[in-house]
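Please open the structure in your viewer and keep the selection panel at hand. The stops below go from one selection to the next.

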Amino acid sequence: MCSRCKRLFPLGSRCEPCASAGAKRREQKRQHTRASPWARGYNTQYLKARASILAAQPLCSICYSRPATTADHIVPLSRGGTNDIENLRPACGPCNFSRGNRMT
């Protein structure tokens, strides 16, 4: 029985239509990969500002309980923010990644 559509067939875990549909979805996902960090705006200016911010304040400025491992953009790059030190704050990974590109 197919694990996806529950049709009966002789061997394997998926019938041929479900297996080919899954392969097609995986190929489409591979084609829509994310641009490199450099192409998204994380350049040398960002790396220097990130290093100075993490050295100055070791705790996350959002939850104040975990060590800061990333520099969070207050105004996200996708919304017109910059890599200036005034637009960055220290954040732990979970706080930074859960924020996405939302404004504070």
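**From a strand pair to a pocket**

Begin by selecting β1 together with strand β2, residues 88-91, which pair in the antiparallel sense over four bridges; the model in front of you is a predicted one. Within this pairing, H73 stands opposite L88 in β2.

Now keep β1 alone and show its side chains. In a regular strand the side chains alternate between the two faces of the sheet. Here both faces of β1 are covered, with T70 and D72 buried on one side and A71 and H73 buried on the other.

Next, select D72, R89 and R99, which are linked in a network of salt bridges. The side chains of D72 and R89 meet at 3.0 Å, N to O; because D72 lies in strand β1 and R89 in strand β2, this pair ties together parts that are 17 residues apart in sequence. The side chains of D72 and R99 meet in a salt bridge at 2.6 Å, N to O, and this pair links strand β1 with helix α3, 27 residues apart. D72 counts as buried at 3% relative accessibility, R89 is buried at 18%, and R99 is buried as well.

Finally, turn to the largest pocket, which holds about 510 Å³ of space. Of its 19 lining residues, R34, R40, Y42, H73 and N96 are the closest to its centre. At least two lining residues each come from α2 (44-56), β1 (70-73) and α3 (93-99), and β1 gives the largest share, four residues. By class, the lining has eight nonpolar, six polar and five charged residues.

Note on methods. Residues are numbered from 1 along each chain as its sequence is written. This is a predicted model: local features need pLDDT of at least 70, side-chain atom pairs count only at pLDDT 80 or more; totals for chains, interfaces and linings use all residues. Side-chain values use heavy atoms; hydrogens and water are left out. On a 1 Å grid over the protein atoms alone, a cavity is a set of points where a 1.4 Å probe fits but cannot get out, and a pocket is an open set with protein on both sides within 12 Å along at least five of seven lines; lining residues have an atom within 4 Å of a point. Grid points are joined across faces, edges and corners, and a volume is the space filled by probe spheres set on the points. Ala, Val, Leu, Ile, Met, Phe, Trp, Tyr, Cys and Pro count as nonpolar, Asp, Glu, Lys and Arg as charged, and the others, Gly among them, as polar. Buried means under 20% relative accessible area, exposed over 50%, partly exposed in between (1.4 Å probe, protein chains only). Two strands pair if DSSP finds at least two bridges between them. A salt bridge is a side-chain nitrogen of Lys or Arg within 4 Å of a carboxyl oxygen of Asp or Glu.
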